[in-house]
Amino acid sequence: MALIYVIEDDEDINELLTYNFKKEGFEVKSFPNGKVAFEHIKEDKPDAVVLDLMMPEIDGLEFCKLVRSDKEISHTPLIMLTAKSTEIDKIVGLELGADDYVTKPFSFRELLARVKAVIRRSKSYHFPTSKPKYKFKDLEIIPEKFEVTIKGQHINLTITQFKLLLALVNAEGRVLSRDYILENIWKWDKDIYDRTIDVHIKKLREVLGEYGNCIKTVRGVGYKWECE
């Protein structure tokens, strides 16, 4: 039974989500804000988190940053549920590490499908690799440990960022088209578009620091890994 965290300060929405997820067979723990939820997340290690953005004490964006910066829980799937619906709001959420973004008012059936999708991706994905580890100067990638280090320091990546990095590295210099990325990482999710892919690539470059320059853009085609 998968465990879902519901983090929502609106009591009615919190109760509605908790009731419906339990009805669908999930174990659910609900919280009124990110602060309380973060105090329990390392112990529980939920399979997915559905969280509002605008909450007291620790809001959704700050919660995302806290989770993604902690090695022990950085891979936890996060789905933002918010009234903020502009493109820039979605991009900010994705850049901070959200795996998906659902706007209010929302359909529970759609939210349920998205939750199941992120859990399925995080649980069933087998990282494609032909080597036990990859090394580029001070950058080391160990797929079976879900680990990336630079100069011995652990780098926190989301599941999507790790999948992107391994796909690029495994291509050994070949260009990965956006269609390839959609098929192999997002499984042709109808709501993933080019801008979303670009945002994830941009964030991956940022967390890799100087090694982000190894991800090359091939205009009109896609991306490739080119690192001496």
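Two strands count as paired here if DSSP finds at least two bridges between them. With that in hand, the strands of this predicted model can be walked through around S8.

Strand S7, covering residues 139–142, pairs with S8 in the antiparallel sense, and four bridges hold the pairing on paper. In this pairing, Glu 140 sits opposite Thr 149 of S8. The two strands make a hairpin with four residues between them, and in that hairpin Phe 146 adopts a positive phi near 50°.

S8 itself runs over residues 147–150, and its side chains split two ways: Glu 147 and Thr 149 point one way, while Val 148 and Ile 150 point the other. Whichever way they point, all four are buried.

S8 also pairs with S9 (residues 153–154), again in the antiparallel sense, this time over two bridges. Thr 149 turns up here too, standing opposite His 154 in S9. S8 and S9 form a hairpin as well, with two residues between the strands, and Lys 151 in the turn shows a positive phi of about 55°.

Moving on to the helical part, Gln 161 belongs to helix H6, which spans residues 159–170. Is Gln 161 buried or exposed? Its relative accessibility is 4%, so Gln 161 counts as buried, the cut-off for buried being under 20%. Setting aside neighbours within four places in sequence, Gln 161 is in contact with Asn 156, Lys 203, Leu 204 and Val 207.

How values were computed
Residues are numbered from 1 along each chain as its sequence is written. This is a predicted model: local features need pLDDT of at least 70, side-chain atom pairs count only at pLDDT 80 or more; totals for chains, interfaces and linings use all residues. Side-chain values use heavy atoms; hydrogens and water are left out. Buried means under 20% relative accessible area, exposed over 50%, partly exposed in between (1.4 Å probe, protein chains only). Contact means heavy atoms within 4.5 Å.
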